Structures are given as C-alpha cells and as structure tokens.
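Me: Please take a close look at the metal site of this protein and at what surrounds the bound ligand. A connected account would be preferred to a list.

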Amino acid sequence: MTAAASAAVLSGCAGMDKSASAGASGDPFATASFQKILKDDFVSKGQASVDRLKQTKAQYECSKYDYLGQPLPDAIRKEIETTAQSKVVYPKDGQYLGDWKAGLKIAEDGKGLQWNDKPGTPNGGNCLACHKMIANDPSQGNIGPELYHYAKLRGNSEAILKYTWARIYNSEAFNACSYMPPFGEHHILTEQQMKDVMALLMDPNSPVNK
Ligand code: HEC
C-alpha cells in the first residue's frame with residue numbers, strides 16, 4: 001500500500017456519515033464512496049492480492065463497533081472467542097517446544113507475505129515489533145505486553161504451554177479484538193516455527209528467561 005493510498009482510505013473513513021451510513025444499513029463500510037476508494041486505490045500485486053481487504057468476522061465486528069464508538073456486544077465477543085478456541089490445532093505429537101535459537105530468528109524477522117517476498121518461503125513472526133522479549137534491545141515495540149522473563153514468571157505447566165500455543169495460534173480465542181496476528185489460523189507460521197517460538201518463550205536458556 002502506498003502512503004497516498006492509505007491516507008485516502010483513512011480520510012474516507014473519517015468522512016463517512018455515521019448516522020446515515022452505519023445506522024441505515026447497519027454496515028459502516030457499505031457506503032459507495034468508501035467502496036470506490038478501496039477499488040480505486042488498491043491493486044493486487046503478486047501474492048498480496050486485494051482479497052486480503054475482505055474482513056474476517058472479527059475484523060468486521062471489531063471495526064464496526066469501534067467506529068460506532070460502542071463496546072462490542074458480549075454475545076458477539078463470546079461467539080468470536082469460542083469459535084477461535086474451537087479451531088486451535090495443537091501439535092500433533094504433543095510436543096510444544098522446538099529450538100529457541102530458531103525461535104529468536106523468527107521473532108526478529110518481519111519478512112513474509114508481502115508482494116515482493118517469494119511465495120512459499122518461510123515467514124517471520126515479527127514478535128519483537130510488538131513485544132519486549134529480550135534485554136538490551138531498544139528497537140523492540142510495545143503494542144503488546146512485555147514478554148521478557150515469560151516462563152521465569154509463569155512456569156511451564158501444561159496449562160501455560162497450552163495457553164501460550166493457543167495465544168500464538170489465534171489470539172482472538174482470548175480477545176475477540178486482539179491486534180496480534182493469528183499465526184496458526186492464517187498459516188503465517190508453520191507448526192515447527194510455532195514450536196521454535198514457544199521454546200524462545202519457555203526455555204530457561206533462552207534470552208527471554210535470562
Ligand atoms: C502486531 C503486534 C503483535 C505481534 C506482531 C505479536 N503480538 Fe503477541 N500480542 C499482541 C498484543 C496486543 C497482545 C495483548 C493481548 C491481545 O491484544 O489480545 C499480545 C499478546 C501475546 C501473548 C499473551 C501475553 C500474556 O500476557 O498472556 C503472547 C504469549 C504473545 N503475544 C506472543 C507473541 C509471539 C510469540 C509473537 C510472534 C510470533 C507475537 N506475540 C507477535 C501484539 C502482537
């Protein structure tokens with residue numbers, strides 16, 4: 001997406017008339033002007049196709065209620081979270097932990113799924129862009145909570161392993177409107193990559209727990 005295109009979409013949102021468009025159809029994104037902006041300003045390029053603009057149910061409902069300035073109704077929240085929970089695929093061999101060194105590379109790597117990335121090559125997880133996970137790296141982001149000393153603080157019980165796996169698989173299982181990418185559900189990371197990232201969080205020798 002170009003800067004000009006994103007600016008156009010943002011101003012398109014801001015310019016929408018909440019009472020008329022959202023109220024009448026119940027669909028805040030249905031206005032002709034907004035649909036025209038999407039159609040005119042975005043083009044498919046390689047694997048980054050405009051199909052990606054089609055919102056999931058969670059994205060749609062969370063954006064809609066955010067736009068209306070209302071809390072997400074409990075029934076919708078529950079449905080999104082329960083559906084996400086029921087679709088989590090746990091490791092087939094029951095082993096949650098891979099290699100933390102490979103996990104660190106994945107956590108640092110923000111590449112993948114963009115038009116100029118080669119399709120079929122492994123994606124990064126970009127965890128450090130949102131989470132502080134290791135000491136002495138000022139480039140880590142803070143959109144998500146700090147995960148430094150993750151297993152040191154919580155232990156590594158079966159319940160923590162399962163919870164952490166499900167979080168990474170699809171964070172919507174715990175928070176319908178989570179900002180965290182659903183790494184398993186959307187096939188961003190493979191099962192082995194998820195195990196490596198799990199080891200980064202859980203292994204006592206990983207820099208996360210040092
Ligand atoms: C775009 C930002 C973003 C990225 C990238 C991201 N996360 Fe998150 N993550 C969040 C946010 C925000 C939360 C807080 C909970 C929520 O929104 O549901 C979270 C929550 C978590 C939690 C639960 C923390 C707790 O206190 O229970 C774990 C574990 C986690 N993330 C691990 C990861 C791992 C591992 C990666 C990389 C594979 C990753 N995250 C990538 C934003 C992100």
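Reply: The account below begins at the metal, moves out to the ligand and ends with a neighbouring helix.

The model is predicted. Two protein atoms serve as donors to the iron atom of the ligand, NE2 of His131 and SD of Met180, at distances of 1.9 to 2.1 Å. The iron site has six donor atoms and is octahedral, with angles among them of 84 to 179 degrees. For six octahedral donors, the ideal angles are 90 or 180 degrees. The two protein donors join distant parts of the chain, being 49 residues apart. His131 belongs to the loop between helix 7 (127-130) and helix 8 (150-154), while Met180 belongs to the loop between helix 9 (158-169) and helix 10 (191-202). His131 has a relative accessibility of 11% and therefore counts as buried, whereas Met180, at 23%, is partly exposed.

Around the ligand lie 23 residues, and Cys127, Cys130, His131, Tyr163 and Met180 are the closest. Polar side-chain atoms also approach oxygen atoms of the ligand: Tyr163 at 2.4 Å, Arg154 at 2.7 Å and Asn175 at 3.1 Å. Helix 7, helix 8 and helix 9 each give two or more residues to this shell, and helix 9 provides the largest share, three residues.

Helix 10 packs, through its buried residues, against helix 6 (100-108) and also against helix 7, helix 8 and helix 9. Because 10 of its 12 residues are buried, helix 10 is largely enclosed by the rest of the structure. Among these buried residues are Met194, Val197, Met198 and Leu201. The end C-alpha atoms of helix 10 are 16 Å apart, which agrees with the span of 16 Å expected for 12 residues at 1.5 Å a residue.

Definitions and conventions: Residues are numbered from 1 along each chain as its sequence is written. This is a predicted model: local features need pLDDT of at least 70, side-chain atom pairs count only at pLDDT 80 or more; totals for chains, interfaces and linings use all residues. Side-chain values use heavy atoms; hydrogens and water are left out. Donors are N, O and S atoms within 2.8 Å of the metal (3.2 Å for Na, K and Ca); water is not among the atoms, so sites may look incomplete. Four donors count as tetrahedral if all angles lie between 85 and 135 degrees; four count as square planar and six as octahedral if opposite donors are over 155 degrees apart and all others between 65 and 115; anything else is irregular. Helices (H or I, at least four residues) and strands (E, at least two) are DSSP runs, numbered from the N terminus. Buried means under 20% relative accessible area, exposed over 50%, partly exposed in between (1.4 Å probe, protein chains only). The expected span of a helix is 1.5 Å times one less than its number of residues. Contact means heavy atoms within 4.5 Å. A residue is near a molecule or strand if one of its heavy atoms lies within 4 Å of it. A polar contact is a pair of N or O atoms within 3.5 Å; within protein, one must be able to donate a hydrogen and the other to accept it, and residues adjacent in sequence count only if both atoms are side-chain atoms.
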